[in-house]
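Reader: I would like to learn how to read a model like this one, feature by feature. Could we go through it together?

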Amino acid sequence: MTAEAGSPRIWYHTIDLPDGTTTPGWFDTRAAPRYVSWPAALPGGRCIDVGTFDGFWAFEMERRGAAEVVAVDLDDPAALDWSYDQRQRGPEAVLEWGSQRGPGFAALAAKLNSKVERVNRSVYDLKPEVDGTFDVVFCGSLLLHLRDPVRALEAMRSVCGGELVLVEALDPLLDVIARRVPCARVAPGWDQWWRVNRVGFHKMAEVAGFEVLEAGPRFLVPYGPGAPRAMRFGRLDSLAALRFRGRGQLHSALRAKPRPPRPAAV
Ligand SMILES: C[S@@+](CC[C@H](N)C(=O)[O-])C[C@H]1O[C@@H](n2cnc3c(N)ncnc32)[C@H](O)[C@@H]1O
């Protein structure tokens with residue numbers, strides 16, 4: 001599928017369409033749902049996909065039988081969490097690349113005849129009084145793009161009436177050299193902030209008030225047919241390529257539920 005009127009110039013997700021075409025995405029998440037432990041409440045449940053981009057995960061939850069799916073993202077590139085140095089140039093670059101959020105989702109929703117409702121809202125602003133609560137809160141590869149990922153997780157907790165599913169990009173180096181120490185690398189670059197190792201990923205969910213019910217394995221999200229060359233040959237991702245014999249970004253998933261506060265240790 002090429003870009004057409006009303007479509008974005010780039011696709012983030014690689015999605016198979018009913019007409020037999022496939023969007024040439026930057027990433028190919030088509031195999032990733034098999035690494036997710038889906039909550040039992042998903043079929044027939046009310047679900048939210050936070051940071052949806054072209055909507056792959058929202059459409060996947062709809063395909064798996066969700067009764068209602070809300071997909072949240074930001075229309076205004078200036079509202080993303082840019083670092084001090086990127087704040088001037090970043091939003092313009094999003095427009096130049098044609099990677100604004102919204103047009104891809106709208107084009108795909110029409111082609112898939114989807115009923116997913118897209119809402120222009122920041123994760124930080126999710127509130128039960130406005131959004132209600134969800135049986136499944138899903139969030140994929142967003143935490144690395146946020147200045148304050150734990151605050152975002154707390155906002156997701158506030159609308160989580162069932163379970164949280166996170167899929168997150170990991171730091172391939174920290175995941176090897178500090179395998180058992182929960183940690184994150186400050187990784188500024190465009191709209192990126194943090195790269196956690198797998199135990200750091202679990203710890204972030206715990207400190208935001210979740211109990212991890214199931215921690216999934218590491219897996220690679222391969223680059224899609226539309227990924228720029230510079231992205232495919234990043235130095236750190238080459239480490240993951242060696243481990244997994246493929247080009248892509250290292251990820252892991254977890255399933256969690258909100259937990260009551262623990263007494264503070266003295
Ligand atoms: C790396 S993409 C991940 C897309 C998709 N969730 C996935 O896992 O394949 C991150 C997405 O999060 C969105 N995003 C960034 N900051 C956000 C915020 N504060 N609130 C909601 N979405 C945000 C971006 O616009 C982008 O669509």
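**Around the ligand**

Author: Happily, and let us start with the ligand: 17 residues surround it, and His13, Gly51, Asp73, Arg101 and Val123 come nearest. A residue counts as near if one of its heavy atoms lies within 4 Å of the molecule. Before we go on, this is a predicted model, in which local features need pLDDT of at least 70, side-chain atom pairs count only at pLDDT 80 or more, and totals for chains, interfaces and linings use all residues. Residues are numbered from 1 along each chain as its sequence is written, and side-chain values use heavy atoms, with hydrogens and water left out.

Reader: Which classes of residue make up the shell around the ligand?

Author: The classes work like this: Ala, Val, Leu, Ile, Met, Phe, Trp, Tyr, Cys and Pro are nonpolar, Asp, Glu, Lys and Arg are charged, and the others, Gly among them, are polar. In this shell, eight residues are nonpolar, six are polar and three are charged.

Reader: How should I read polar contacts, and what is 2.7 Å from the side chain of His13?

Author: A polar contact is a pair of N or O atoms within 3.5 Å; within protein, one must be able to donate a hydrogen and the other to accept it, and residues adjacent in sequence count only if both atoms are side-chain atoms. For His13, a side-chain N or O atom is 2.7 Å from an oxygen atom of the ligand. Gly51 uses a backbone N or O atom, which lies 2.6 Å from a ligand nitrogen. A nitrogen atom of the ligand is also 3.1 Å from an N or O atom in the side chain of Ser122. On its own the ligand has 600 Å² of accessible area, and the protein covers 97% of that. Such areas come from the Shrake-Rupley method with a 1.4 Å probe; for residues, only the protein chains shown count as cover.

Reader: What does the side chain of Thr14 reach within the protein?

Author: The side chain of Thr14 reaches the backbone oxygen of Phe27 at 2.6 Å. A polar atom of that side chain also lies 3.4 Å from the backbone nitrogen of Gly25. Thr14 sits in the loop between strand 1 and strand 2; helices (H or I, at least four residues) and strands (E, at least two) are DSSP runs, numbered from the N terminus.

Reader: Is Thr14 buried or exposed?

Author: Buried means under 20% relative accessible area, exposed over 50%, and partly exposed in between (1.4 Å probe, protein chains only). Thr14 has a relative accessible area of 0%, so this residue is buried. Gln249, in strand 11 (residues 248-258), is buried too, at 11%. The side chain of Gln249 makes a polar contact of 3.4 Å with that of Arg195.

Reader: Now the hydrophobic part: which residues touch the most other members of the largest nonpolar core?

Author: In soluble globular proteins, nonpolar side chains tend to be buried together. A nonpolar core is a set of buried Ala, Val, Leu, Ile, Met, Phe, Trp, Tyr and Cys residues joined through side-chain atoms within 4.5 Å. The largest one here has 35 residues, of which Trp57 and Met61 touch the most other members. Among the elements that give two or more residues to this core are helix 1 (56-63), helix 3 (103-111) and strand 10 (210-222). Helix 1 gives the most, with five residues.

Reader: How many disulfides does the structure hold?

Author: A disulfide is a covalent bond between the sulfur atoms of two cysteines. The test applied is a pair of cysteine sulfur atoms within 2.5 Å, and the structure holds zero. Cys160 is in no disulfide, and the nearest cysteine sulfur, that of Cys47, is 11 Å away. Cys160 is buried, with a relative accessible area of 10%.

Reader: And the backbone: where is Phe53, with its positive phi?

Author: Most residues other than glycine have a negative phi, and most peptide bonds are trans. Phe53 has a positive phi of about 50 degrees, and its place is in the loop between strand 3 (46-50) and helix 1. Asn113 also has a positive phi, near 55 degrees, in the loop between helix 3 and strand 5 (117-120). Phe53 counts as buried at 10% relative accessibility, whereas Asn113 is exposed at 62%.
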